[in-house]
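Visitor: Please take me on a short tour of this protein, and then give me a close look at one single part of it. I am new to this, so explain the terms as you go.

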Amino acid sequence: MKQCEQKYDIAVFGGGLGGIMAAISAAKSGKKVLLAEETDWIGGQLTSQCVPADEHKWVESTGCTSTYQQFRKRVRAFYKEHFPISDAYKDVPALNPGMGFVSRITNDPRVSLHVLYEMLLPFLCNGQITLLLNTKAVAAERDGRNVKSVTICNGTKIIASYFIDATETGYLLPLTNTAYRKGAEAKSETGEPHALEVADPDEMQPVTWVAAADFVPGGNFVIEKPAEYEYFKNMDAPFSDSCKVLSWYGPGHEIGQTMHCSMFGDGGTVPLWHYRRIAFNEVFKDGFMPYDATLINWPQNDYFMDNIFDTEDDEKNLYMAKQLTLSFIYWLQTEAPRHDGGSGYPEIRMRGDITGTADGLAKAPYIREGRRIIAEHTILEQHITENCNTTPPTVSDSIGVGCYRMDLHMTTRKRRHFYQKAWPFEIPLGALIPKDTDNLLPACKNIGTTQLTNGSFREHPTEWNIGESVGYLAAFALDKGVTSSVVRNTPELLKAFQQHLEANGIVLHWDHSQIEPV
């Protein structure tokens, strides 16, 4: 029997924010698009991974695409139209449903899921976008510098003019024999001040398996003791000689520093419960939302013990990442020192309804770092950090803007962790173009960064911008009958493409009079 084939102009693998926006912008450009997502929820970080938006302080007015602004407005409008908002908050323009301090908009992932589907729906209805859930690529064919086809898990062969890798680990890169890097580069390769002396491809940032929970005063919702609880309880924290992994302490902003946390911020400690809170009862009318809910993506459940891809036992490491989060929750419920004396917060209740799972853990882990293309232009530490630049950095081939500090979480081999202030930056088109493949583009954290600069480019509005611009790029290149590299390296085509982006609401430059390093 002949293998089933489906043909598209553009095939997008990965239904996170970058993948969704690549599909939408390609569809807006008149293309027939496949969007394939390996879980049963689109939205990636915001939904299946349960990570509220990490955003910069100018996001309410600038520094993101117009569609990202529209998304945020639609989330707020949904709350105001469908939830009973209290008098104290109903007229607040920049409503923050959870009043979490990680972002100016921390909300239930199910609301994000709903709004993202609303944005996709016109193109699902007219047939321009075909959405396949629970779908992963398993094989690919390549001919010279081009990917010919990608086969998905049901055996169907996908044929497309362009393929877009928006997967969380960049798994389409090895599948298509597209050159990539992973882990930490050497200083001799990049010249970065914080790079390792010797490269280590297995030196990666941790994943986090996020959990959802609420707090019910007087309740007792202690979960079954996790199988690996004693293992994690007895593990020493690598950032301190006196702390355990399961404790109220986390790594600080520099190697050797610690951060003292607590549930609600007593004694000047960091209030973790409020950090990624997605439902604050005072935002709603009395009795409607009786209990605050939060997403537990805290320093203590960063799984820095090993990697979850390209290891000898990926599945075991995924299991152990889940076990760490469950062990931390069990510790919070039974042994954590309380703000009011005693031990344990049995009032913490897992909320699988929020995550769409039986156990209250996210459908997928939050993956900070995956494979990265070897690009025409690699973004280095010295391109964006305050220490290396006295003025905001600019690039001639900008396809958008972003802003986040250079943020390295506890790594899996060397146990490095630090923050470095970075300037609000422009996203260079050259970082989106593989050196060795003409019809494949990255659309999320797999662009041409280093391990260090990845920490500035992986956040929600930046991933959104990358994906949106990549969808337009693939369509533009197809319409012009050239490769994406030719678009970048031909001045008149680059200018026309940048004007096209601006016409579609993508900001290419910051107003330097309004910004500073963060």
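**From the whole protein to one helix**

Guide: Let's start wide: the protein has 14 helices and 23 strands, where helices (H or I, at least four residues) and strands (E, at least two) are DSSP runs numbered from the N terminus. Its radius of gyration is 22 Å, close to the 24 Å that the globule rule gives for 518 residues, so the protein is as compact as a globular protein of that length. That radius is taken over C-alpha atoms, and the rule is 2.2 Å times the number of residues to the power 0.38. This is a predicted model, in which local features need pLDDT of at least 70, side-chain atom pairs count only at pLDDT 80 or more, and totals for chains, interfaces and linings use all residues. Residues are numbered from 1 along each chain as its sequence is written, and side-chain values use heavy atoms, leaving out hydrogens and water.

Of the 518 residues, 61% are buried, meaning under 20% relative accessible area with a 1.4 Å probe, protein chains only.

Now for our close look: helix α12, residues 460–480. At 1.5 Å a residue, its 21 residues should span 30 Å, and its end C-alpha atoms are 30 Å apart, which agrees. The expected span is 1.5 Å times one less than the number of residues. This helix is mostly covered, with 18 of the 21 residues of α12 buried. Just after α12 comes Gly 481, which takes a positive phi of about 70°.

Methods
Buried < 20%, exposed > 50% of the residue type's maximum accessible area, 1.4 Å probe, protein only.
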